[in-house]
Amino acid sequence: MKFLNIAFKTIFFIFLALAVTIFSLIIVLSNGVSNDYKIKKGETFSVSNTVPVTASYNGAALSQGSKSKSIGENIDVELKLFGIIPLKTVNVEIVDEMYVEVLGNPFGMKIYTEGVLVVNFTSVESENGLCNPAKSAGIKEGDYILSVNSREITTNEELSEWVEFSNGNSLKFEIMRGNKKLYINVKPIKSVETNSYKIGMWVRDSSAGIGTLTFYSPATGVLCGLGHGICDSDTGELLSVERGELVGAEIISVTKGAKGSAGELHGRFAYNKIADILLNSDIGVYGKLSSKIDFKKLVEIALKQEIKNGDAQILCAVDGDVVRRYDCTVKKRSAAYFSNNQNLLVTITDKDLIEKTGGIVQGMSGSPIIQNGKLIGAVTHVLVDDPTKGYGIFAENMLEKAQTVAEEKLKEAS
């Protein structure tokens, strides 16, 4: 009897340990699987994992060779661990092959914000001491000033004139804070230093910078670059772009990156306009092509489940405007499917590029990443502690955004 009790307890703990292991495995694998996938018509859907995960549609293995599956169709697919244990149900969209013109060229950005952006505050020396009318009234860094006394504000100079000629009378500011519109009254005060009216606020109405073009999508007519949004250098907030343009550029010098210090490409803007900016988003800048691009060869975009951990190449220019390929490795991040623009860990292995730049530097954002002849993504960020490493975005995500931008412009035109 004692032997049976020991055996029973042993078996019980073995099953308990097995159940805990399987449960933990399910959680880990679920976090490493996207909720949405695309698959090309005629191909079989599979999820790459070290542990076998099978996909089934209506109880059968999912193969898109079936005539019942058409482009644009969405289906729910059940994923099972070892083909037995339910793991997750994901949405799979049937798509056609996706081709783009891969670029890698440097470009300049000239952008003008919607209204003027509040970037900082400074105290005003009045006859009653130091004060800050704008901050005291409730204005915050990152706010956009759209109008004063119902008159639209588009430049720093326009705002300065309203304040200077207010004669100390209260001004009604229309503010955009995030997606919320506010109205705040601000009373300018006379500065004893300048003998003019001030509200103690620094604003910006435009910005400029250097980046790298990722691809042009002939199907949408949209040009894509950066892989991340254009943010204000002071507030770090995504800029609300009223209008802007992308122009040609050439790299004239490089500040080499080092541990603890991000490097940077320094460029010179050309006079040729490439595109008008349609959208500044957290996964890149998108524009309507306004000049010709020298198309060489359309390249297929790899779906995210097709990307393998291993060798790849990035395309960029670090001297003039000549685009070259440089070796790197890529690895999907643990949270790859649940991040907007940090899906891949990119490690530069090319000795020539490391010698020139130290690795990834500012201005290389948007550099296309090629693996097995397909475009898999674009460089987005550098890791300051190790400039040979950085993050990359899935090319599939950028193309999806380009399609959305094209659809929205079509609606506006109609």
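Buried here means under 20% relative accessible area, exposed means over 50%, and partly exposed covers what falls in between (1.4 Å probe, protein chains only). By that yardstick E300, at 12% relative accessibility, counts as buried.

Some ground rules before the tour. This is a predicted model, in which local features need pLDDT of at least 70 and side-chain atom pairs count only at pLDDT 80 or more, while totals for chains, interfaces and linings use all residues. Residues are numbered from 1 along each chain as its sequence is written, and side-chain values use heavy atoms, with hydrogens and water left out.

**The overall picture**

The secondary structure comes to five helices and 27 strands. Helices (H or I, at least four residues) and strands (E, at least two) are DSSP runs, numbered from the N terminus. Of the 414 residues, 45% count as buried. The protein exposes about 21400 Å², and carbon and sulfur atoms supply 50% of that; the areas come from the Shrake-Rupley method with a 1.4 Å probe, and for residues only the protein chains shown count as cover. As for contacts (heavy atoms within 4.5 Å), take those with a separation of 6 or more: residues 24 or more positions apart account for 67% of them.

**Around strand β27**

Strand β27 spans residues 386-394, and seven of its nine residues are buried. Two strands count as paired if DSSP finds at least two bridges between them. Strand β26 (residues 374-383) pairs with β27 in the antiparallel sense over six bridges, and a hairpin of two residues joins β26 to β27. Within this pairing, H381 has Y391 of β27 as its bridge partner. Strand β24 (residues 344-348) also runs antiparallel to β27, with four bridges joining them. There, T347 stands opposite K389.

**Two nonpolar cores**

A nonpolar core is a set of buried Ala, Val, Leu, Ile, Met, Phe, Trp, Tyr and Cys residues joined through side-chain atoms within 4.5 Å. The largest one has 35 residues, and I314 and I369 touch the most other members. Strands that each supply at least two residues of this core include β22 (310-316), β23 (324-332), β24 and β26. Leaving out residues up to four places away in sequence, I369 touches a string of neighbours, among them A312, I314, V330, V346, L375, I376 and V379. Apart from this core lies another, of 22 residues, including M98, I283, V299 and A395.

I283 turns up again in the surroundings of N397, a residue of helix α5 (residues 395-413). Setting aside neighbours within four places in sequence, N397 is in contact with I283, S339, N340 and N343. N397 itself is buried, with a relative accessible area of 18%.

**Salt bridges**

A salt bridge here is a side-chain nitrogen of Lys or Arg within 4 Å of a carboxyl oxygen of Asp or Glu. The whole structure has six of them, including these three:

| Pair | Closest N and O atoms |
|---|---|
| E174 and K181 | 3.2 Å |
| D276 and K273 | 2.9 Å |
| K374 and E300 | 4.0 Å |

The K374 and E300 pair links distant parts of the chain: K374 sits in strand β26 and E300 in strand β21 (residues 298-300), 74 residues apart. K374 is partly exposed at 23% relative accessibility, whereas E300 is the buried residue from the opening, at 12%. E306 joins in too, as E300, E306 and K374 are linked in a network of salt bridges.

How do the other two pairs sit? E174 is buried, with a relative accessible area of 14%, while its partner K181 is partly exposed at 42%. In the remaining pair, D276 counts as partly exposed at 31%, and K273 counts as partly exposed at 32%.

**Cysteines**

How many disulfides does a search of the whole structure find? The search comes back with zero, a disulfide being a pair of cysteine sulfur atoms within 2.5 Å. C328 is therefore in no disulfide by that cut-off; the nearest cysteine sulfur, that of C316, is 9.9 Å away. C328 is buried, with a relative accessible area of 2%, whereas C131 is partly exposed at 23%.
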